[in-house]
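Take a look at the chain below. A short tour of some of its parts follows.

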Amino acid sequence: MNSAGEQEPSQIQHEPAEAMLSQAVSLSSQPSLPSLPSLGPRDQNVSPSHHQCLATLRGHSSYVSALAVDGDSLYSASSDGRIRVWPLEEASGRQEQQKGDDGCSATVVAAACDSSVKCLLAVGDGLLLSSHQDGKIRAWRAGSRKDGTPRLVLRAVLPTCVDRLRTFLLPWSYVQVRRHRWRTWVHHVDAVTALAVSPDGALLYSASWDRSLKVWRPPGFRCVESIAPAHDDAINALAVSPDGHVYTGSADKKIKAWRRHPERRNKHVLVQTMERHRSVVNALALGVDGKVLYSGACDRSVVVWERAGSGDGRMEATGTLRGHRKAILCLAAAGDVVCSGSADSTVRVWRRGAENTDYTCLAVLEGHCAPVKSLALVYGRDRGSSAAAGGGSALVCSGAMNGEVKIWSVLVPWLLER
């Protein structure tokens, strides 16, 4: 692991940002969905008092591919394989801080590797997981250097040596991944694009452009299941609900729902295939305690899926959130707030209404000069505070393909609470 300081130039050779993105995650835009009703106004004038940009964080030399919040730390990762850590409280302007010449918060390279980072997942207790272009998953433990600056210590690379050894000697463990090429079933053979954990923390899920969904068991991270192929094309997105349903979104335009087998706990079964999008599904997010699923695609729309009344966990499409001019690239949701990032370089912040059938566009966050590829949302920290008159604030962190990270504050009025 490269533990070089911030000033050290990268030794890794990289392609342009657009070339790094597979066609599976497309920047192209397709026509919107006329078959589903719009749940919010297509365009809305938002008062500037409702939102503001608190900070612009510069430090990455290539596009920001993933963001994750762990306590008071914001982690950002890029296509050059570097993971940076920012003090969220300071970066959002809540505390006095010493800033650089460009007005940005101080940052350090917490970790670096020789493969582009595709996803970050903070699982608590100082454990951070990253997935990569090389088909591997890396587990990091938060620590600090002798000078007190934060760092990430590499703890494991998945598949682990134990997994590779136990499958290497078994002929039936090998699967054909390409013509004349075989690998054991515990390996992803293409970029790992998404990670998620089960509600009880007992299982880790990973999805890949190799069309497979794999299941790992912490803390040893043994691979216990591989569903391949889970889709007919690359898998771009993954989400797990509090009741254990696993949702995957793919370039095959489909979203699939999975759940644990009722008798074989290490096995998962397909329970639903959802088809509403007409183009590549790029992002998924769950809100309202897992009762609402949001999906974003190249058709410029966010489809809203609500739990059906059947009691079996099935989802039904109830409408769309429209307003973006180009493809939806990322989503983040918390409670009844959902954010969408787009290739049109904007972020839209939506609020689910009291009747559950309408949405209000709280803000259109404009300021990025490149497509918004990653989002993180922090909402509800000040819910019991009287400091926010008339509402609570949501912190929206957005990463763009020009290497910038912006932190926004958006007012979420209490008046709209259910």
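Which residue stands opposite Asp70 in S3? The residue is Ser73. Keep in mind that this model is predicted.

**The sheet S2 to S5**

Asp70 and Ser73 face each other where S2 meets strand S3, residues 73-78. These two strands run antiparallel, and six bridges join them. They belong to an open sheet of four strands. The order is S2-S3-S4-S5, and the pairing is antiparallel. Strand S2 (64-70) and strand S5 (108-112) each have a single partner strand, so one side of each is left without a neighbour in the sheet. From one strand to the next, the twist averages 25°.

**The sheet S6 to S9**

A second open sheet is built from four strands in the order S6-S7-S8-S9. Here too the pairing is antiparallel. Its edges are strand S6 (117-124) and strand S9 (150-158), and each of them pairs on one side only. The twist averages 30° from one strand to the next. Strand S8 covers residues 137-144. Eight bridges join S8 to S9, and the two run antiparallel. One residue pair shows this pairing: Ala139 has Ala156 in S9 as its bridge partner.

**A nonpolar patch**

Now turn to the surface. Leu165, Phe168, Leu169, Leu170 and Trp172 make a nonpolar patch there, about 610 Å² in area. Where does Trp172 sit? Trp172 is found in the loop between helix H3 (161-168) and strand S10 (174-178). Is Trp172 buried or exposed? Its relative accessibility is 64%, so Trp172 counts as exposed; the cut-off for exposed is over 50%.

**Annotated repeats**

The UniProt record, an unreviewed entry, carries the annotation "repeat: WD". The annotation covers residues 57-96, 185-216, 228-258, 274-306 and 321-350. Two of these spans are set out here.

| Span | Helix | Strand | Distance between end C-alpha atoms |
|---|---|---|---|
| Residues 228-258 | 0% | 48% | 13 Å |
| Residues 321-350 | 0% | 63% | 8 Å |

Residues 228-258 are 0% helix, and residues 321-350 are likewise 0% helix. Strand makes up 48% of residues 228-258 and 63% of residues 321-350. The annotation also takes in residues 57-96. Strand S2, residues 64-70, is an edge strand of its sheet, and strand S3 spans residues 73-78.

Technical notes: Residues are numbered from 1 along each chain as its sequence is written. This is a predicted model: local features need pLDDT of at least 70, side-chain atom pairs count only at pLDDT 80 or more; totals for chains, interfaces and linings use all residues. Side-chain values use heavy atoms; hydrogens and water are left out. Two strands pair if DSSP finds at least two bridges between them. Axes are lines fitted to C-alpha atoms, for helices over the stretch in contact, and angles run from 0 to 180 degrees between N-to-C directions. Patches are made of residues with over 30% relative accessible area and no salt bridge: like charges are joined within 9 Å, nonpolar side chains (Val, Leu, Ile, Met, Phe, Trp, Tyr) within 5 Å. Accessible areas come from the Shrake-Rupley method with a 1.4 Å probe; for residues, only the protein chains shown count as cover. A salt bridge is a side-chain nitrogen of Lys or Arg within 4 Å of a carboxyl oxygen of Asp or Glu. Buried means under 20% relative accessible area, exposed over 50%, partly exposed in between (1.4 Å probe, protein chains only). UniProt positions are given in the numbering used here, feature names are shortened, and annotations may be inferred rather than shown by experiment.
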